Amino acid sequence: MTAITNVRVFDGTGLTEPRTVFVDGARLSGQATGGPVLDGAGQVLLPGLIDAHVHLYGRENLEQFARYGVTTALDMATTSAALLAGLRDQPGLTDIRSAGVPAIGPGGMHARMPGMPAEAVVTDPAQAAGFVAARTAAGSDYLKIVLEAPGGGGPELPVARALTEAAHAAGLLVVAHAANTGAYTMALDAGVDVVTHAPLGPPIADGDLARAKVVVPTLTMMKGIATATGRPELYEGAATSVTRLHRAGAAVLAGTDANTAPGSPSPVPHGVSLHDELELLVAAGLSTVEALRAATVLPANHFGLTDRGAVRPGMRADLILLDGDPVADIRATRAISRVWCAGVEH
């Protein structure tokens, strides 16, 4: 057991007075049983951060995440079952969940990405149950549907609805990629649980604000695309959408779209980019506490990860010790002193 003493803890609403946190193996404990003592005076302890939108390519990604305090990563499409199996349950490294193979349409950018398997293409509602059953059998933790605007080459609304209904019947959460306003509306019409990306250009439609319950804007990716295309002004619409969604009461989760995919519209580095995302969320109108919640308790709650996202007895010992105060300045999340993944210091 390790005791971290005299440390202020982020409890989801702010920072506590200095207290002691006990790490007992992979879990947090409520009492001491002896062991090393780490003086955390002047420091801040956060729950391990959760990146709610990543793509995985190898063990090096887990190393990168852990280095920057991202102790859980939610993969939003990796087509190799063997790769995913090899990245799960790695001691001392970031824990992952994955959608596995996504559902896509016959056209659009994703249909042209190297390595996308033919089984990803779903064009008929009658295929939905079989596709979801295959994802369940392959160990997917939730379903990812890649939507485009109507007629844009992605699954059309009847297919999206059928996929969502089949996933819900199988007990799976449904996440929809929606990088434009037409796809956003379709995602909400289909009844998905989580919408990822904030469209570039015009903000999402007024009528969609109240319907969007859980969103992962990936502002880091959207800003990267706008910059790469030489149209940085397009990012203003994405940021405005986040501001309005937040004001309308949507749960905003921190996700980056971290990727190194060939053909990607913008590469996003694993790990460090979540700190960029937190800063962009604050710039879009979230308070520092709300931004920290977006990378801890909220993704844990909305993705059913009941053993993480908070620092309290019984939870996974996923922790970040900081040399600064991120409630006063969100940039302090970068001042990382130590990281623990399930009790193992990285």
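Which residue of β10 does V146 stand opposite? In this predicted model, V146 stands opposite H177 in β10, and the strand β10 belongs to an open sheet of 5 strands whose pairing is parallel. The points below take up this sheet, then an open sheet formed by 3 strands, and lastly the residue T16, which lies in a loop.

**The sheet of 5 strands**
- The strands of this open sheet follow the order β9-β10-β11-β12-β13, and they pair in the parallel sense.
- Its edges are formed by β9, residues 143-147, and by β13, residues 251-252, each of which pairs on one side only.
- Between β9 and β10, the latter covering residues 174-178, there are 5 bridges, and the two strands run parallel.

**The sheet of 3 strands**
- Here the order is β6-β7-β8, in an open sheet with parallel pairing.
- The edge strands are β6, at residues 49-54, and β8, at residues 95-98, and each of them pairs on one side only.
- On average, and with direction ignored, neighbouring strands of this sheet are turned by 20° against each other.
- A parallel pairing over 4 bridges links β6 with β7, which spans residues 70-75, and I50 stands opposite T72 in β7.
- Helix α1, made up of residues 59-67, lies across β6, β7 and β8, and runs at about 135° to β7.

**The residue T16**
- T16 is found in the loop that lies between β1, residues 2-9, and β2, residues 19-24.
- T16 counts as buried because its relative accessibility is 16%, which falls under the 20% cut-off.
- Apart from neighbours within four places in sequence, T16 is in contact with V7, R8, V9 and D11.

Methods: Residues numbered from 1 in each chain as written. Predicted model: local features only at pLDDT ≥ 70, side-chain atom pairs only at ≥ 80, totals over all residues. Heavy atoms only, no water. Pairing = 2+ DSSP bridges. Buried < 20%, exposed > 50% of the residue type's maximum accessible area, 1.4 Å probe, protein only. Contact = heavy atoms within 4.5 Å. Axes fitted to C-alpha atoms, helices over the stretch in contact; angles between N-to-C directions.
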